[in-house]
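Trainee: Could we go through this one together? I would like to see how each label is earned.
Mentor: Happy to; let's take the labels one at a time.

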Amino acid sequence: MVKSVSRGIATASGLPTVKADELIRFSGGLLGIAFNLDPDEVGVILLGESEHIEAGDRVQRTGRILDVPNERRWIIPWLW
């Protein structure tokens, strides 16, 4: 459950087994990244507009850890 929201950061409770950098889904489909794993609450960086997120909204784990493709042609495109 969302405890608070402020400037693109939310705190949530009820996610005891969440992992660092795990994607968290908010009601309405907004995703966030778990980053501050305290025993009682989790800090979540929101990946979109937070104007529809409110204290008391439901959150759920996705089980997915944030990943970024790491292909050389993306890093130095002029070499390929």
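**Labels and the values behind them**

Mentor: At 34% relative accessibility, I45 counts as partly exposed. Keep in mind that this is a predicted model.

Trainee: Why is I45 called partly exposed?
Mentor: Buried means under 20% and exposed means over 50%. I45 has 34%, so the label is partly exposed. I45 is found in strand β5, residues 42-46.

Trainee: What makes the nonpolar surface patch?
Mentor: I9, F35, I45 and L47 make the patch, and its area is about 320 Å². Patch residues need over 30% relative accessible area, and I45 has 34%.

Trainee: How do you know that E41 forms a salt bridge with K3?
Mentor: The rule asks for a side-chain nitrogen of Lys or Arg within 4 Å of a carboxyl oxygen of Asp or Glu. In the pair E41 and K3, the closest N and O atoms are 3.1 Å apart, which fits the rule. E41 lies in the loop between β4 and β5 and K3 in strand β1, so the pair ties together parts that are 38 residues apart in sequence.

Trainee: Are these two residues buried or exposed?
Mentor: E41 is partly exposed at 27% relative accessibility, and K3 is partly exposed at 42%.

Trainee: How many salt bridges does the rule give?
Mentor: The count comes to 2. R61 forms one with E22, with the closest N and O atoms 2.8 Å apart. R61 lies in strand β6 (residues 59-65) and E22 in strand β3 (residues 22-26), so this pair ties together parts that are 39 residues apart in sequence.

Trainee: Why is E22 called buried?
Mentor: Buried means under 20%, and E22 has 0% relative accessibility, so the label is buried. Its partner R61 has 31% and therefore counts as partly exposed.

Trainee: What makes the phi of R7 worth a mention?
Mentor: Most residues other than glycine have a negative phi. Phi of R7 is near 50°, a positive value in a residue other than glycine. R7 sits in the loop between β1 and β2.

Trainee: Why is R7 called exposed?
Mentor: Exposed means over 50%; R7 has 83% relative accessibility, so R7 counts as exposed.

Trainee: What is the phi of D21?
Mentor: Phi of D21 is near 65°, also a positive value in a residue other than glycine. D21 lies in the loop between β2 and β3, and at 40% relative accessibility D21 counts as partly exposed.

Technical notes: Residues are numbered from 1 along each chain as its sequence is written. This is a predicted model: local features need pLDDT of at least 70, side-chain atom pairs count only at pLDDT 80 or more; totals for chains, interfaces and linings use all residues. Side-chain values use heavy atoms; hydrogens and water are left out. Patches are made of residues with over 30% relative accessible area and no salt bridge: like charges are joined within 9 Å, nonpolar side chains (Val, Leu, Ile, Met, Phe, Trp, Tyr) within 5 Å. Accessible areas come from the Shrake-Rupley method with a 1.4 Å probe; for residues, only the protein chains shown count as cover. Helices (H or I, at least four residues) and strands (E, at least two) are DSSP runs, numbered from the N terminus. Buried means under 20% relative accessible area, exposed over 50%, partly exposed in between (1.4 Å probe, protein chains only).
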